[in-house]
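Got the viewer open? Let's take a walk through this one, a selection at a time.

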Amino acid sequence: MRNMADGVNGSSGGSSNANGVHGVHGNGNVVNGNNGPAYVNGNPQLAHRLKAQRKASSPMAPTFMVSAPGKVIVFGEHAVVHGKAAIAAAISMRSYLHVTTLSKSRRTISLRFPDIGLEHTWNIDDLPWELFHSPAKKKYYYSLVTGLDDELVAALQPYLATISPHKQGEARKVHQNAALGFLYLFLSLGSQSFPGCLYTLRSTIPIGAGLGSSASIAVCVAAALLLQLRTLSGPHPDQPAEEALLQLERINRWAFVYEMCIHGNPSGVDNTVATQGKAVVFQRTDYTKPPTVRPLWDFPELPLLLIDTMQAKSTANEVAKVARLRDTHPNLVGSILDAIDRVTGTADTLLGDDFDAEDEDNLRQIGELMTINHGLLVSLGVSHPRLERIRELVDHEGIGWTKLTGAGGGGCSITLLRPGIGPAKLVRLYGQLQEEGYRTFEMTLGGDGVGVLWPAVLKNGMDEDHAGGMEIDLEKFLNAEGNEGVERLVGVHGSTGERGGWKFWRVENE
Ligand SMILES: Nc1ncnc2c1ncn2[C@@H]1O[C@H](COP(=O)(O)OP(=O)(O)OP(=O)(O)O)[C@@H](O)[C@H]1O
Ligand SMILES: C[C@@](O)(CCO)CC(=O)[O-]
């Protein structure tokens, strides 16, 4: 084991690695790995260059990217951990994972998560392959893994011990958990013959704010490894919906395993909506079985305001807090969870076919349900004074209905805006929130789920664009400035809507 600083050269990604795709044929760029692409984003010259580069080196996959969204839980957080239903929707903030394959002689894998200051490199041949691949332990890309194996987790501890020695306590634990998730998936899915790789992640989702940042990373890592293993077909525009659903199911199952490494006891709602996108009703009554997931294709465009308390929290802690309360007062807490379930059920019915997002009565009813849901979450002990302050400010101006979203204990709230609110009131509210250190976002709910950019070539409208696009090498990715820079460079949506290049598994016509 050694630190990334001595093994990783940021400029080793990008164009020199473009070749050898067999299983992925979804984006119309690379169809047959052996004979090479005829066109890359419609550019025969670039395709030719990539092919020439491929010939000069040993077989390596091209640099590619995956991306997955964050989420808001509209109804049912916490109760969903205890088998009740929840309604959640994808948001437009996303994580982006850049994967570069190294030359054959470099037998290392490196994680680079600059948003949290994590960099680490492991020697592939040092990892505990024998145990992970022993007949009693071996899992497959299609396995349903519903719990972490303690022996496997213990076997990874020595590989976590050297991570981020400069960090202390909780901050170090965050790094170690992220690495645990990655190594658990890498060793479960991969093999010792896996190529050396650099996995570099940047995210535009605030961390620990209740917006599913960990789940979106979980989905990116699971999708990237499954793509590298050639276990996914597509995404492909002509793919039948049931085939696309199967691919998403595989990604989601392994994303859940990553989430378990970070959270301890996740329900799986966050990774499900980050995988599938749009909005879903989610329920997992039996943790040994897959959850029930019902997509809400016609989820209305609700006028929502998202407010970040800027008070970080840990989902694992908040979930553990509710579990402790339930152990102490099983009947009482059981009734609160049942009440949350009824709120979610009522909202599900209301948001059905006849819902009109412009109708005052419809909005008021959904708003009231949000208020009730928040009250029940308060009684579970997962609010925070800064969340209550938002309610005070919004209620004082009569602007709408507010609830916390996600794990609570800080993080974000959502406010459904009352129709016909004058701009003066809103300006006053925004001003006050800003003064008190809150951040506000106007949200679009219901975006795309996991996406793939294979190879990592995009049209950006920048000077570096070739006719067919610009190769997103590691240096450009790392140097993109802030969230805006990341979105401008690799975002799934350009300023004028969806960008060519990124592909998604579509299941709408199911
Ligand atoms: N940009 C990032 N880079 C690397 N790791 C990240 C990043 N964002 C989140 N994480 C991982 O996710 C963890 C935060 O997860 P947590 O569940 O506490 O918050 P969340 O996912 O943002 O909120 P919620 O689960 O309530 O929706 C971090 O500790 C880290 O492991
Ligand atoms: C608090 C919780 O219900 C939602 C976190 O976004 C936890 C989970 O479902 O895993």
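Start by selecting the shell around ligand 2, keeping in mind that this is a predicted model. Sort the shell residues by character and you get seven nonpolar, six polar and two charged. There are 15 residues around the ligand in total, and the ones that come nearest are E77, P266, S267, G406 and A407. Show those five as sticks. Now colour by secondary structure: α7 (269-276) and α8 (315-328) are the elements that each give two or more residues to this shell.

Which domains does the shell around ligand 2 draw on? Both domain 1 (4-282 + 447-504) and domain 2 (304-442) supply at least three residues each.

Next, zoom out and colour the chain by those two domains. Domain 1 comes in two stretches, 4-282 and 447-504, while domain 2 runs over 304-442. Select the contact between them: 23 residues take part from domain 1 and 30 residues from domain 2. On the domain 1 side, click on β1 (64-75) and β2 (86-101), the elements that give two or more residues to the side touching domain 2. The largest share there belongs to β1, with three residues. By character, this side of domain 1 splits into 13 nonpolar, eight polar and two charged residues.

Now select residues 362-417. UniProt, in an unreviewed entry, puts the feature "domain: GHMP kinase C-terminal" here. Over this stretch the chain is 55% helix and 21% strand. Put a distance label on the two end C-alpha atoms and it should read 12 Å.

A few steps further along, centre on I421. You'll find I421 in the loop between β10 (412-417) and α12 (423-435). Is I421 buried, exposed or partly exposed? I421 counts as partly exposed because 15 other C-beta atoms lie within 10 Å, and being buried would take 20 or more. Leaving aside neighbours within four places in sequence, I421 is in contact with I399 and L426. Add E397 to the view too: E397 and I421 are 24 residues apart in sequence, with 9.6 Å from C-alpha to C-alpha.

Finish with the whole chain on screen. How many helices and strands are there? The secondary structure comes to 14 helices and 17 strands. If you colour by burial, 51% of the 510 residues count as buried. And if you draw the contacts between residues at least 6 apart in sequence, 75% of them join residues at least 24 apart.

Methods. Residues numbered from 1 in each chain as written. Chains lettered and ligands numbered in written order. Predicted model: local features only at pLDDT ≥ 70, side-chain atom pairs only at ≥ 80, totals over all residues. Near = placed C-beta within 6 Å. Helix = DSSP H or I, 4+ residues; strand = E, 2+ residues; numbered from the N terminus. Nonpolar A, V, L, I, M, F, W, Y, C, P; charged D, E, K, R; others polar. Domains from an automatic or database assignment. Contact = placed C-beta atoms within 7 Å. UniProt positions renumbered as here; feature names shortened; annotations may be inferred. Buried ≥ 20, exposed ≤ 12 C-beta atoms within 10 Å, placed from the backbone.
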